[in-house]
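Work through these exercises with the structure open beside you. Try each task before you read its solution.

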Amino acid sequence: MEAISRIKIKDLLKSTPGQKVTVKGWVRTKRGNKDIAFIALNDGSTINNIQIVVDKNSFDANTLASITTGACIRVSGELVESVGSGQAVEIQAGEIEIYGTCDPMRYPLQKKDTSFEYLRTVAHMRPRTNTFGAVLRVRNQMAYAIHEYFHSKGFVYLNTPLITASDCEGAGQMFQVTTMDLENLPRNKKGGIDFTKDFFGKQTSLTVSGQLEGELGATALGEIYTFGPTFRAESSNTPRHLAEVWMIEPEMAFYDINDNMNLAEDFIKHLVKYALDNCYDDIKFLNDRYDPELIDRLKGVIATEFVRLEYTEGIKILEKAVSDGVKFEYPVYWCVDLQSEHERYLVEKHFCKPVILTGYPKDIKAFYMKQDENGKTVRAMDVLFPKIGEIIGGSEREYSLEKLEARIDELGMSRKNLEWYIDTRRFGSCPHSGFGLGFERLLLFVTGMQNIRDVIPFPRTPKNAEY
């Protein structure tokens with residue numbers, strides 16, 4: 001058979017029968033009888049397989065025996081109309097080449113259902129499963145949609161540093177970066193570690209956020225966004241936390257809190273609609289297999305106007321729920337940092353739609369948030385989603401030099417590594433706002449998956465840094 005260029009399966013399934021084709025991929029299943037074998041082949045381009053029909057009398061028995069689940073093969077043949085249900089076309093095999101065999105006894109992905117917990121132990125192989133193939137294709141499309149959205153609105157894509165000397169959130173849960181010999185650390189006269197001897201000449205860490213640097217871009221370029229990995233050394237093993245996550249962080253000059261909320265709502269509705277328009281086959285698979293309410297939930301977000309709710313009013317709703325007999329694991333009171341159970345009650349039980357919570361107490365929010373005139377609250381905003389809780393966090397930024405400096409001093413923060421940030425308030429300060437969207441939390445919502453470790457290719461969690 002003459003050489004024919006490979007066609008991806010997603011394109012083959014839309015092609016017209018009656019042509020010679022070549023396909024390459026990995027075997028999902030093989031079945032048949034003494035005369036005919038049916039091979040389900042997948043190349044990662046779609047959730048759907050293409051069926052290969054093999055006349056056993058035309059092929060060497062040893063070759064056919066080597067084609068097992070997991071094997072990688074090339075098939076050339078004729079694309080014909082399928083006589084079976086489930087697919088419009090199939091391939092009548094004329095030539096088969098085996099690229100890589102697969103020992104069925106050792107292959108970690110067996111035909112039987114396998115738990116997500118087990119698949120995390122073989123994360124290098126799980127992209128070959130239907131579920132993780134679907135999740136990773138959705139992840140790819142969502143990344144593209146994010147760039148496309150901001151580009152269409154004239155935002156500048158700004159690359160902020162992964163290695164930093166500042167702690168954006170002031171939480172101190174950062175991974176240190178050093179080239180010093182940990183067995184022989186240099187000491188200063190006070191007995192502390194002498195970081196002047198380190199690579200950067202000072203103590204540095206992996207970033208928890210690109211926001212502060214993003215504000216520098218916004219106060220020069222107008223509207224910017226960052227999209228990259230962030231790191232937090234928080235010893236948490238919940239289904240909502242990772243040590244390494246990707247964050248999307250737009251910062252906009254001349255936006256107030258209402259502009260910020262409007263952008264956040266429009267942004268996330270755009271992404272959800274893009275997912276339904278461009279990832280429907282994968283989302284339908286996840287809907288049918290794991291979460292029968294997924295598609296309706298996604299459509300609901302697009303069709304509804306988000307509730308705008310003051311934190312104080314939200315607390316009153318939660319306190320009434322408690323008085324009516326609702327049991328929360330964590331207490332509810334004004335100035336409490338709301339837990340996921342509280343956020344989800346507001347979204348899933350009380351309003352039954354996404355909520356943007358605003359006007360948080362100053363004492364539970366970061367130093368850079370703009371203070372209200374009452375001196376008690378700040379112009380923060382959290383977007384709360386069903387099944388997730390907080391999916392976006394942001395605020396109008398404090399642009400008063402005096403208030404910003406006073407807040408830094410009030411919190412006892414070191415100004416040593418923040419003078420460059422404070423300069424934006426010294427030299428041409430302007431009103432500005434921004435927010436952060438956790439990419440993996442977005443993917444949890446869009447895919448319906450239950451654990452954040454299952455929407456990132458290689459999860460980083462306490463005691464786990466494989467690959």
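**Exercise 1. Trace the open sheet.** In what order do the strands of the open sheet run, and which strands are at its edges?

*Solution.* Step 1: list the strands. In this predicted model, 8 strands make up an open sheet, ordered β6-β10-β11-β16-β15-β14-β13-β12. Step 2: look at the pairing. The pairing is mixed. Step 3: find the edges. An edge strand pairs on one side only, and here that applies to β6 (156-157) and β12 (307-310).

**Exercise 2. Zoom in on one strand pair.** How many bridges join β15 to β16, and which residue is the bridge partner of G393?

*Solution.* Step 1: locate the strands. β15 covers residues 389-396, and β16 covers residues 432-438. Step 2: count the links. There are 5 bridges between β15 and β16, and the two strands run antiparallel. Step 3: pick one bridge. G393 is partnered by G436 in β16.

**Exercise 3. Follow the barrel.** Which strands form the closed barrel, and by what angle are neighbouring strands turned on average?

*Solution.* Step 1: go round the ring. The barrel has 5 strands, in the order β1-β2-β3-β5-β4, and its pairing is mixed. Step 2: read the turn. On average, neighbouring strands of this sheet are turned by 55° against each other, with direction ignored. Step 3: check one pair. β2 (residues 36-42) and β3 (residues 50-55) run antiparallel and share 6 bridges. Within β3, Q51 is the bridge partner of A40.

**Exercise 4. Classify two helix pairs.** What is the relative orientation of α11 and α12, and of α4 and α13?

*Solution.* Step 1: take α11 (residues 401-410) and α12 (residues 419-426). They pack at about 155°, with axes 9 Å apart. Step 2: apply the cut-off. Angles over 145 degrees count as roughly antiparallel, so α11 and α12 are roughly antiparallel to each other. Their crossing is right-handed.

Step 3: repeat for α4 (residues 130-152) and α13 (residues 439-447). Their axes come within 10 Å and cross at roughly 120°. Step 4: classify. That angle makes α4 and α13 oblique to each other. The crossing of α4 and α13 is right-handed.

**Exercise 5. Describe the largest cavity.** What is the volume of the largest cavity, and which residues line it?

*Solution.* Step 1: count. There are 4 cavities of 30 Å³ or more. Step 2: size the largest cavity. It holds about 60 Å³ of space. Step 3: name the lining. The residues are R240, D291, R297, K387, I388, L444, F445, G448, M449 and Q450. Step 4: sort them. The lining has 4 nonpolar, 2 polar and 4 charged residues.

Key
Residues are numbered from 1 along each chain as its sequence is written. This is a predicted model: local features need pLDDT of at least 70, side-chain atom pairs count only at pLDDT 80 or more; totals for chains, interfaces and linings use all residues. Side-chain values use heavy atoms; hydrogens and water are left out. Two strands pair if DSSP finds at least two bridges between them. Helices (H or I, at least four residues) and strands (E, at least two) are DSSP runs, numbered from the N terminus. On a 1 Å grid over the protein atoms alone, a cavity is a set of points where a 1.4 Å probe fits but cannot get out, and a pocket is an open set with protein on both sides within 12 Å along at least five of seven lines; lining residues have an atom within 4 Å of a point. Grid points are joined across faces, edges and corners, and a volume is the space filled by probe spheres set on the points. Ala, Val, Leu, Ile, Met, Phe, Trp, Tyr, Cys and Pro count as nonpolar, Asp, Glu, Lys and Arg as charged, and the others, Gly among them, as polar. Axes are lines fitted to C-alpha atoms, for helices over the stretch in contact, and angles run from 0 to 180 degrees between N-to-C directions. Angles under 35 degrees count as roughly parallel, over 145 as roughly antiparallel, 65 to 115 as roughly perpendicular and the rest as oblique. A crossing is left-handed if the near helix is turned anticlockwise from the far one by less than a right angle, and right-handed if clockwise.
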